[in-house]
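Let's take a walk through this structure together, one region at a time. Have the viewer open and follow along.

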Amino acid sequence: MAPFLLLRNVSKSFPVQNNLSNLFSKVKSNKKVIDDVSLEVNKGEVLVLAGESGSGKTTLAKLIMGALTPDHGAIYFEGEDIQILKKRKNYYSLVQMIHQDPYSSLNPHMKIRDIVMEPLKIHGKGLNRSEKEEKVRTALSRVRLEPVDEILDKYPTLLSGGQRQRVSIARSIVKDPKLIIADEPVSMLDISVRAEILSLINDLRKSLNISIIYITHDLATSRFIGDRIGIMYAGNIIEYGDIDEVLQNPLHPYTLMLLDAVSYNLTQSKFYKGYLEPNVTSFPSRGCKFYNRCKVSTQECTQDIKQFHINKKHSVSCFYYKNVA
Ligand SMILES: Nc1ncnc2c1ncn2[C@@H]1O[C@H](COP(=O)(O)OP(=O)(O)OP(=O)(O)O)[C@@H](O)[C@H]1O
Ligand SMILES: [Mg+2]
């Protein structure tokens, strides 16, 4: 059987604009933001995508949503190329997104009823108003925003951050999607409500059998929700596998660096050069992009990267993973 979601060698570049010489040059330079990404998500599974700011997580989400088109490679949903599914329009109902900011993602002038109903208005043929309202009520009670009768007529400004994020989640499930992409859904919420929202997402995934791609900077909470994890660096997935396996036995110097950042253990490491912000302009054009920040890198790392399959549950793109293990 075909995997539920499959990305095969997906790449995406954007033109570089903020550079004067580029403005006047005939040869436009491009920045490869997603570079040869392959991955799989199974039905009902949660894949965590983690990595620093700018590593390409949201761009990858947009490619999977169908909002961007890959330059190379392909994305298959239940065995069908999404470029074909997009033409049939229903793809946009099957995949929904929850955004990071529950303040700017909800229209303040609309009542909660209309916000949650919005996706049903787009390609929501065949349902009359009361059927739509029934779906909205079901979605609101699934995200435990109760009493539903009161919530329906409220405006988002009257709700707390956590409640707003529940509204976003209700909106994302109202059309019975098969895949939800949650892009840092709790990072803007108070720490005290983060756990509630995470466990809500976890419960929904089980009760509705939805697959989830969960994007985060936060490795500490990702184990709570994820089944598998892909660690992204400069558009590449540099380590991938079963989440417990990857986080307990990290093999890429960059994964070690992220994990050390979680425990604030940023003292001298044998494997990476300090916890620096990546300098995007200094990525080597070929080979491992972590080369300049890595202490175990050698000339070999400027060759094309190879993915090593450690076992069925774990793969890593580093020639020196044995030094790290
Ligand atoms: N439409 C665009 N045009 C040009 N460059 C873009 C565009 N969208 C994203 N980028 C660039 O692509 C890179 C990856 O961006 P992206 O938003 O995917 O990162 P991210 O991992 O989601 O970061 P964050 O954790 O900050 O949300 C960045 O360098 C960004 O500036
Ligand atoms: Mg992002």
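What should the 13 residues of helix 8 (residues 161-173) span at 1.5 Å a residue, and how far apart are its end C-alpha atoms? The expected span, 1.5 Å times one less than the number of residues, is 18 Å, and the end C-alpha atoms are 19 Å apart, which agrees. Helices (H or I, at least four residues) and strands (E, at least two) are DSSP runs here, numbered from the N terminus.

Before going further, a word on the ground rules. This is a predicted model, in which local features need pLDDT of at least 70 and side-chain atom pairs count only at pLDDT 80 or more, while totals for chains, interfaces and linings use all residues. Residues are numbered from 1 along each chain as its sequence is written, and chains are lettered from A and ligands numbered from 1 in the order in which they are written.

Back to helix 8, which is mostly covered, with 10 of its 13 residues buried (20 or more other C-beta atoms within 10 Å of a residue's own, the C-beta atoms being placed from the backbone). Among the buried ones are Arg164, Arg166, Ala170 and Arg171. Their cover includes strand 6 (95-98), helix 5 (112-121), helix 6 (129-142), strand 7 (179-183) and helix 9 (191-208), counting contacts as C-beta atoms within 7 Å.

Ala170 also appears in the largest nonpolar core, a group of 77 residues, where Ala170, Ile64 and Ile181 are among those that touch the most other members. Such a core is a set of buried Ala, Val, Leu, Ile, Met, Phe, Trp, Tyr and Cys residues joined through C-beta atoms within 7 Å. Leaving aside residues up to four places away in sequence, Ile64 touches Ile75, Val95, Ile181 and Ile213.

Now step back to the whole chain. An automatic or database assignment gives domain 1 (5-248) and domain 2 (249-325), with C-alpha centres 27 Å apart. Where they meet, 18 residues of domain 1 are in contact with 19 residues of domain 2. On the domain 1 side, strand 10 gives the most, with six residues. In helix 12 (residues 253-262), Pro253, Tyr254, Thr255, Met257 and Leu258 are buried, and the buried residues of this helix pack against elements including strand 9, strand 10 and helix 11.

Finally, look at ligand 1. The residues around ligand 1 include Phe14, Val33, Lys57, Thr58 and Thr59, and helix 2 (residues 57-65) gives the most to this shell, with three residues.

How values were computed
A residue is near a molecule or strand if its C-beta atom, placed from the backbone, lies within 6 Å of it. Two residues are in contact if their C-beta atoms, placed from the backbone, lie within 7 Å. A residue is buried if 20 or more other C-beta atoms lie within 10 Å of its own, exposed if 12 or fewer, and partly exposed in between; C-beta atoms are placed from the backbone.
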